[in-house]
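Dear colleague,

I am handing over the structure below, and after it I set out what was found when its side-chain pairs and its core were examined. Please read the notes with the coordinates open beside them.

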Amino acid sequence: MSQQSRRLLVLALAASVGAGCSIKKLAINGLADTLAASGDSFASDEDPDLIRDAVPFSLKTIESLLVEVPEHKGLLLTACGGFTQYAYAFVQADAELIEVKDFDASVAGRERALKMYQRALGYCLRRVELTHKGFRSAVEKDPVGTVKAFAKDEVPVLYWTGATWGAAVSAGSEKPELLNQLPIVRAIMARALELDEAYELGGIHDVLISLDSLPEAMGGSVKNAREHFARSVELSKGQSASPYVSLAAGISVAEQNRKEFETLLGQALAIDVNQVPRLRLSNVIYQRKARALLARADELFTPEKAPSHPTAVVGLSGLGSLAHRPLGVLR
């Protein structure tokens with residue numbers, strides 16, 4: 001074989017290997033695009049137990065793909081939202097339900113949920129850093145100023161980053177280092193609201209109901225929580241159970257207003273989950289939470305218990321109930 005022929009053979013082999021790599025990358029990117037757009041099929045399902053069993057495989061597939069395409073924007077956001085929703089709906093919710101019967105198992109469940117939220121937040125922050133270099137360090141120093149750089153088309157990124165960060169703070173409410181990050185969560189959600197308050201039929205307002213259900217010393221406001229509730233109900237045309245459950249768990253319990261509590265949860269349970277397919281799974285899960293809260297009404301409302309106004313100043317030991325407040329992250 002002549003030297004020229006050998007060179008041509010080497011070039012041909014290199015080209016075929018290159019083409020194979022390109023085909024593989026195209027296939028991976030195509031699968032990544034498909035998985036990144038798969039959220040609606042889960043959200044519209046009416047069987048939470050089916051989703052509970054199906055989602056872990058999907059999440060691990062997403063993580064495997066991210067090894068191959070670590071900067072895929074859609075897949076990073078899907079990983080963040082997927083882990084957050086799974087942790088809230090099937091890990092933290094289960095932990096809350098067993099708290100009275102098995103406190104140790106409940107604590108372990110919340111710790112697992114926290115780890116999952118932190119895992120999810122890692123993916124969201126990776127997504128943010130692709131377009132806003134140095135975001136993590138900057139937002140810790142100047143939350144309000146840093147988030148001003150985000151535009152309207154980045155509201156989904158803001159929403160999931162803020163909701164996931166808030167969920168982590170909620171699950172780890174006994175950890176001072178997490179509670180200190182609340183101003184960041186508030187700034188992110190406030191910017192998302194400013195850019196597109198109608199996002200996900202009022203989903204941003206749902207997160208803010210929970211944040212404003214906190215004591216005034218932590219930035220909470222009963223007035224603001226009720227205003228966010230009203231706007232969420234208006235934007236979802238009363239077809240989302242989330243704001244009703246959020247206000248009942250956050251404000252009604254704190255104010256020891258049992259009548260309002262029962263009315264709100266009754267309204268959540270009266271919603272037809274098939275009316276808005278994209279809210280179906282969220283509504284089924286929040287209706288489950290509504291029933292669980294109603295079953296605990298005698299425990300949550302007692303004649304001896306003085307009204308605990310959310311604006312009261314409380315120490316870290318009084319923040320355990322924060323973990324019970326829904327964050328509206330299932331939209």
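To begin with a pair inside one helix, Glu 262 and Arg 258 form a salt bridge in which the closest N and O atoms are 2.9 Å apart; please keep in mind throughout that this is a predicted model. Both residues belong to helix 14 (residues 258-270), where they sit four residues apart, about one turn of the helix. Glu 262 is partly exposed, with a relative accessible area of 37%, and Arg 258 also counts as partly exposed, at 28% relative accessibility. Elsewhere, salt bridges that share partners bring Asp 49, Arg 52, Asp 94 and Arg 288 together in one network.

Over the whole model, the count comes to 20 salt bridges, and two others deserve a description here because side chains of opposite charge can pair when their charged atoms come close.

One of them joins the side chains of Arg 119 and Glu 63, with an N to O distance of 2.8 Å. This pair links distant parts of the chain, since Arg 119 lies in helix 5 (residues 103-131) and Glu 63 in helix 3 (residues 48-68), 56 residues apart. The two partners fall into separate accessibility classes: Glu 63, with a relative accessible area of 11%, is buried because that value is under 20%, whereas Arg 119, with 37%, is partly exposed.

Another salt bridge is formed by the side chains of Glu 197 and Arg 231, at 2.4 Å from N to O. Glu 197 lies in the loop between helix 10 (182-195) and helix 11 (203-211), while Arg 231 lies in helix 12 (residues 222-235), so the pair ties together parts that are 34 residues apart in sequence. Glu 197 has a relative accessibility of 29% and counts as partly exposed, and Arg 231, at 24%, counts as partly exposed as well.

Turning from charged pairs to the nonpolar interior, the largest nonpolar core has 86 residues, and those with the most contacts inside it are Tyr 117, Phe 135, Trp 165, Met 189, Ile 204 and Phe 261. Helix 4 (residues 73-97) gives the most to this core, contributing twelve residues. If you would like a place to start viewing, Tyr 117 touches Thr 84, Ala 87, Tyr 88 and Gln 92, and also Thr 164, Ala 167, Ala 168 and Ala 171, when residues up to four places away in sequence are not counted.

With best regards

How values were computed
Residues are numbered from 1 along each chain as its sequence is written. This is a predicted model: local features need pLDDT of at least 70, side-chain atom pairs count only at pLDDT 80 or more; totals for chains, interfaces and linings use all residues. Side-chain values use heavy atoms; hydrogens and water are left out. A nonpolar core is a set of buried Ala, Val, Leu, Ile, Met, Phe, Trp, Tyr and Cys residues joined through side-chain atoms within 4.5 Å. Buried means under 20% relative accessible area, exposed over 50%, partly exposed in between (1.4 Å probe, protein chains only). Helices (H or I, at least four residues) and strands (E, at least two) are DSSP runs, numbered from the N terminus. Contact means heavy atoms within 4.5 Å. A salt bridge is a side-chain nitrogen of Lys or Arg within 4 Å of a carboxyl oxygen of Asp or Glu.
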